Amino acid sequence: RLNKTCSKEPNGNEIVCKDVTAETLYDVLHDTSYRKKWDTNMIDTFDIGRLTVNADVGYYSWKCPSPLKNRDFVTMRSWLPLGNDYLIINYSVKHPEYPPKKDYVRAVSLLTGYLIQSNGANCCTLYYLTQVDPRGSLPKWVVNRASQLVAPKAMKKIYKACLKYPEWKRKHEPNLKPWRYPEQNTLPCINVADLTVQRADSLENIDESSVSEEKAQHHSDDDET
């Protein structure tokens, strides 16, 4: 099962999305403006710059149950249409202008990928594989909760977002999709020489192992991290 936030081993999950085209799911995973509408775990996300027509660098932060510290990532993402299917992958990098923040634990995506497989005119399957080091010495209850709850809730949330996306997009710059049309991409260019792979062992290790589940804030199902 997928362990999105607490796994140093690769984990995967999948969901069949009825009444959703592969193209729509692909757009939802790319569209940072729309993500701010449906991703209730997210604190902030933005694109930093582009490397090529199908690769960029971005920032993402998400909230953890208090009193655990929130996590954030800086990742290099690349994408590739494969006929009727689509592939998106990312891994963590170090960017000189976006070092770790004082109030966040900088987590590491060793490798995270989405494969969207078309199942016909109006159905697709999303496969999700991730290998993440959340950093910090986390208590067992956090690992257990993530293993049991994170993946199913995250996949269902993406599916629900896909169902609402076509209507939302019609009202919000419907023709703007720079991940499809590179000529629309206005991000500043990044020199690949300015980036290095983010190694987990180079980051501070925050000890949160003593945090009890009783002290943590209990989030609703929609806000589960």
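**Note on the predicted model: buried arginines, aromatic pairs and a surface patch**

1. Helix 1, spanning residues 22-30, is mostly covered, with eight of its nine residues buried. The buried positions are Ala22, Thr24, Leu25, Tyr26, Asp27, Val28, Leu29 and His30. The model is a predicted one, and the points below should be read accordingly.

2. Eight aromatic pairs are found in a search of the whole structure. One of them is formed by Tyr26 and Tyr86, whose rings are stacked at 4.1 Å centre to centre with 20° between the planes. Because Tyr26 lies in helix 1 and Tyr86 in strand 5 (residues 85-94), this pair ties together parts that are 60 residues apart in sequence. Tyr26 has a relative accessible area of 1% and is therefore buried, the cut-off being under 20%. Tyr86 is likewise buried, at 6%.

3. A further aromatic pair joins Tyr34 and Trp168; the arrangement is tilted, with 4.8 Å centre to centre and 45° between the planes. Distant parts of the chain are linked here: Tyr34 belongs to helix 2 (residues 32-38) and Trp168 to helix 3 (residues 140-170), 134 residues apart. Both Tyr34 and Trp168 are buried. Ring pairs also bring in Tyr165, so that a cluster of Tyr34, Tyr165 and Trp168 results.

4. Arg106 merits separate attention. This residue is located in strand 6 (residues 104-106) and counts as buried, at 6% relative accessibility. Which side chain does Arg106 join through a polar contact of 2.8 Å? The partner is the side chain of Asp72. In addition, the Arg106 side chain reaches the backbone oxygen of Tyr98 at 3.2 Å. When neighbours within four places in sequence are left aside, the residues in contact with Arg106 include Tyr59, Phe73, Val74, Pro99, Pro100, Lys101, Arg135 and Leu203, together with Asp72 and Tyr98.

5. A second arginine, Arg71, is found in strand 4 (residues 70-82). Is Arg71 buried or exposed? Its relative accessible area is 2%, and Arg71 is therefore buried, given the cut-off of under 20%. The side chain of Arg71 reaches the backbone oxygen of Lys69 at 2.9 Å.

6. Strand 4 also holds Leu80, which is partly exposed with a relative accessible area of 41%. Leu80, Leu82 and Leu115 form a nonpolar patch on the surface. Together these leucines have about 230 Å² of accessible area. Strand 4 thus carries the buried Arg71 as well as the partly exposed Leu80.

Notes. Residues numbered from 1 in each chain as written. Predicted model: local features only at pLDDT ≥ 70, side-chain atom pairs only at ≥ 80, totals over all residues. Heavy atoms only, no water. Buried < 20%, exposed > 50% of the residue type's maximum accessible area, 1.4 Å probe, protein only. Helix = DSSP H or I, 4+ residues; strand = E, 2+ residues; numbered from the N terminus. Polar contact = N/O pair within 3.5 Å; in protein donor to acceptor, adjacent residues only side chain to side chain. Contact = heavy atoms within 4.5 Å. Patch = residues over 30% accessible without salt bridge, like charges linked within 9 Å, V, L, I, M, F, W, Y side chains within 5 Å. Areas by Shrake-Rupley, 256 points an atom, 1.4 Å probe, with all protein chains shown as cover. Salt bridge = Lys/Arg side-chain N within 4 Å of Asp/Glu carboxyl O. Phe/Tyr/Trp six-rings, centres within 6.5 Å; stacked < 30°, edge-to-face > 60°.
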